[in-house]
Amino acid sequence: MLHTDLLPRDTAVQLIDENGTPIADAPYPLPDGETLLAAYRGLVEGRRINDQAGALVRQGRLAVYPSSQGQEACQVGAAMVLGAEDWLFPTYRDSVAVIARGVEPADALVLLKGDWHSGYDVRAHRVAPQATPLATQLLHAVGFAQAAKHRGEETVVLALCGDGATSEGDFHEAMNFAAVFHVPVVFFVQNNEFAISVPLSRQTAAPSLAHKAIGYGMPGQRVDGNDVAAVLAVLGEAVERARTGGGPSLVEAHTYRMQAHTNADDDTRYRERAEVQAWVARDPLTRLRAHLTATGALDADAEERFAAGAEEIATAMRAALNTDAELDPEDLFRHVTATRSPQLDEQWHLLRDEIERSRLADADTATNGGHR
């Protein structure tokens, strides 16, 4: 028997259209004005974070930054639907969601600066380290949710991933385990149309990524990922379902990656500028601004206040990343295991000797010009 109640809609849920006009949808009521205003503030801050991080990459202060410009509604919505006891398992592109969850911007960017640690206390913020390998965090999220269930906690885990991750075996294993053991986890796929340069059409022949859910025995739903109101409504329902014992869900957000995969990517090699430009009109920030302005919830004073708050975040990012850190090479070996193994000791001694030889060579060059 086909469980049609597990199938997603034929079209993505949308509560505010591209022009800011509300759309009635009985199963998903429009969030109240106060919630939408808070979401708009998050979008303003998220856009500024993306812009500032891009500038820091160009200045050499960040090693890499996978921008979520155009996807901020997914980022902000993901952070807002979670309760204080819930956990977020993000990817490398989810810095805005991590910051929206309460992590200091400077701490959230430590990993992307190239440091050896994630930069923040995961337990204090209930945010797992950002995962660079595709889909590995989904297995961690499911295991964490299963443990919370065994402890009798009401914790819900929100696991983020992109469309590319759905082509990984870890995605299948996480979905299957979550459904079989009925764990309180929500899989949130941000379908931005590209896995680096691979378009969605070369990753799946399914009607949508949300349709994959029924194969595992969990409900799937599609949402306009550039409509933060719809993201809040659909994700919020899935989180509440998990919290009340309804088990896992898969939510696919239809969005678009407005910038290159990272600063190391040239996206002009695999997509046309006209395609990117077509998504400008669907921008999540301008859409919600139009709606809130029309309803009178957003005025010039609020706009100025939100912009000033976003600029404070950008200033803090610059200050933190323009400071050269005191680096200790031994940190590479200190925290690999609780007790350092003989092999790690040997590797550290090799590196230490190489550093010392380089130091002596530099000193000799400075003193003698390299000539004896």
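At what angle do helix α1 (residues 33-58) and helix α2 (residues 72-80) pack? Before selecting them, note that this is a predicted model, in which local features need pLDDT of at least 70, side-chain atom pairs count only at pLDDT 80 or more, and totals for chains, interfaces and linings use all residues. Residues are numbered from 1 along each chain as its sequence is written, and side-chain values use heavy atoms, with hydrogens and water left out.

Select α1 and α2 (helices are DSSP runs of H or I with at least four residues, strands runs of E with at least two, numbered from the N terminus): they pack at about 125 degrees, with their axes 9 Å apart. Axes are lines fitted to C-alpha atoms, for helices over the stretch in contact, and angles run from 0 to 180 degrees between N-to-C directions. The two helices are therefore oblique to each other (under 35 degrees is roughly parallel, over 145 roughly antiparallel, 65 to 115 roughly perpendicular, the rest oblique).

Next, show the side chains where the helices meet, with contact meaning heavy atoms within 4.5 Å: Glu 72, Ala 73, Val 76 and Met 80 of α2 meet α1 residues including Ala 38, Gly 42 and Leu 43.

Now select residues 48-311, which UniProt lists, in an unreviewed entry, for "domain: Dehydrogenase E1 component"; over this range the chain is 42% helix and 12% strand, and the end C-alpha atoms are 7 Å apart.

Finally, pick Trp 87 in strand β1 (residues 87-89) and Phe 144 in helix α7 (residues 136-150), whose pairing ties together parts that are 57 residues apart in sequence.

Technical notes:
UniProt positions renumbered as here; feature names shortened; annotations may be inferred.
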